[in-house]
Amino acid sequence: MKKWIALCAAFLLCFTCVKTGAPVVQAKEKVTLKVYNWGEYISDGSDDSLDVIKEFEKRFPDIKVSYTTYATNEELYAKLRSGSANYDVIIPSDYMISRMIEEDMLEKLDFNNIPNFEAISEEFKNPAYDPTNEYSIPYTWGTVGIIYNTTMVEEEVDSWDILWDPEYTNQILMFNNSRDAFGIAEKLLGYSQNTTDIEELNAVAEKLKEQKIVLQAYVMDEIFDKMSSGEAAIAPYYAGDFLIMQEDNPDLAFAVPKEGTNLFIDAMVIPKGCEHKEEAERFINFLLEPDIGLANIEFIGYSTPLDTVKEQLGEDVLNDGISYPSEEVIANSESFVNLPTDINRYIDELWVDIRASGSSSVWELVFLIVVIIGLGGALIVYLRRRNR
């Protein structure tokens, strides 16, 4: 009997050893990749377009994308600098990338994980904002111009000066970010968009204060609804976004002012200390795929730095003078550069003062008066009831 028990025990022990020695197969947890991008800046599946995020998750089932948006480079910078959030992929503009490199806020890229970089046109490699091309890969590029409604503006639009025209009071929109707003006023006054001259910056600030009396509002993504619906007549904005707005409102037109404009590049970078660098590089490489790059360009309307995408575009797009402006327009354009820290700080102070001074529109003033009267009436009623 004891022998039988011993044999059973030995058998059970062997079985247990076999079971515990076998490899345990567990489902691999999905990595959550945090992507932070401009609003209206990726093909999202609407209007029969390709949903780029879903397509990425389909091709890479081990990665889930958390996708959020921002409105300005300055908003992006402030959020990253504060440490209130962390991201794996962001897409700032040229001058902001330069600033982030200088402040050690970006990771160097491993191009072994981004073989599609070879499709980037030579003219977009080793740019001034990232001369060694270690930190960034171009996403799109474009120019800034004036969008106007031809049913509301009959005169020729060829100067930034129209953004100060009292004839269009409460029908004009303006950029709600300091760098673009300053850039417009700088061009109008004949200055460089990268001026560091204090007297010139002060003159620009005064010019922007003068503009406030004719403005309806300062906007970023809000421009889409306002210009498409005919709520506003004139606004400065990016060429690619104009093409999207024109699809909704064929009465809209686009002009690049004679004083010159901003030529910009937005590029993909990885913030310092990101949690999933390799997956971030896979995502960047994915956005450089010919079919994905084409889907994005067709949806957002901006210009592509990818040779593999450009060769798929029709002559009507390449020759429209908007997505791909003439050599004359490009020669009369200027790209933003990162300004010295003290100048950036001074511009920020001037911008706060500009926004705080006066009233940005007659309707805002009327609204403020109504609110004050309403609060006053409510206070009187409250005091009477309390006395009773």
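Which strands does helix 3 lie across, and at about what angle to strand 1 does helix 3 run? In this predicted model, helix 3 (residues 73–82) lies across strand 1, strand 2 and strand 3. Its direction is at about 140° to strand 1. Helix 9 (residues 277–287) also lies across strand 1, strand 2 and strand 3. Helix 9 runs at about 50° to strand 1.

The three strands form an open sheet. Their order is 2-1-3, and the pairing is parallel. Strand 2 (63–70) and strand 3 (89–90) are the edge strands, each pairing on one side only. Two bridges join strand 1 (residues 31–38) to strand 3 in the parallel sense. Val-35 has Val-89 in strand 3 as its bridge partner.

Aromatic pairs number 22 in the structure. For Phe-224 and Tyr-237, the ring centres are 6.4 Å apart and the planes stand at 85°, so the pair is edge-to-face. Phe-224 belongs to helix 7 (residues 223–229) and Tyr-237 to strand 7 (residues 234–238), 13 residues apart. Both Phe-224 and Tyr-237 are buried.

Phe-264 and Tyr-302 are also edge-to-face, because their planes lie at 65°, with ring centres 6.1 Å apart. This pair links distant parts of the chain, 38 residues apart. Phe-264 lies in strand 9 (residues 261–268), and Tyr-302 in the loop between helix 10 (290–300) and helix 11 (307–310). Phe-264 counts as buried at 5% relative accessibility. Tyr-302 counts as buried at 5% relative accessibility.

One aromatic cluster includes Phe-224, Tyr-237, Phe-264 and Tyr-302, with Trp-38 and Phe-175 also among its members.

Charged ends also sit over rings. That of Lys-125 is 5.0 Å from the ring centre of Phe-117. That of Arg-179 is 4.8 Å from the ring centre of Tyr-95.

Note on methods:
Residues are numbered from 1 along each chain as its sequence is written. This is a predicted model: local features need pLDDT of at least 70, side-chain atom pairs count only at pLDDT 80 or more; totals for chains, interfaces and linings use all residues. Side-chain values use heavy atoms; hydrogens and water are left out. Two strands pair if DSSP finds at least two bridges between them. Helices (H or I, at least four residues) and strands (E, at least two) are DSSP runs, numbered from the N terminus. Contact means heavy atoms within 4.5 Å. Axes are lines fitted to C-alpha atoms, for helices over the stretch in contact, and angles run from 0 to 180 degrees between N-to-C directions. Rings of Phe, Tyr and Trp (its six-membered ring) pair if their centres lie within 6.5 Å; planes under 30 degrees apart count as stacked, over 60 as edge-to-face and the rest as tilted. Buried means under 20% relative accessible area, exposed over 50%, partly exposed in between (1.4 Å probe, protein chains only). A charge sits over a ring if NZ of Lys or CZ of Arg is within 6 Å of the ring centre and within 35 degrees of the ring normal.
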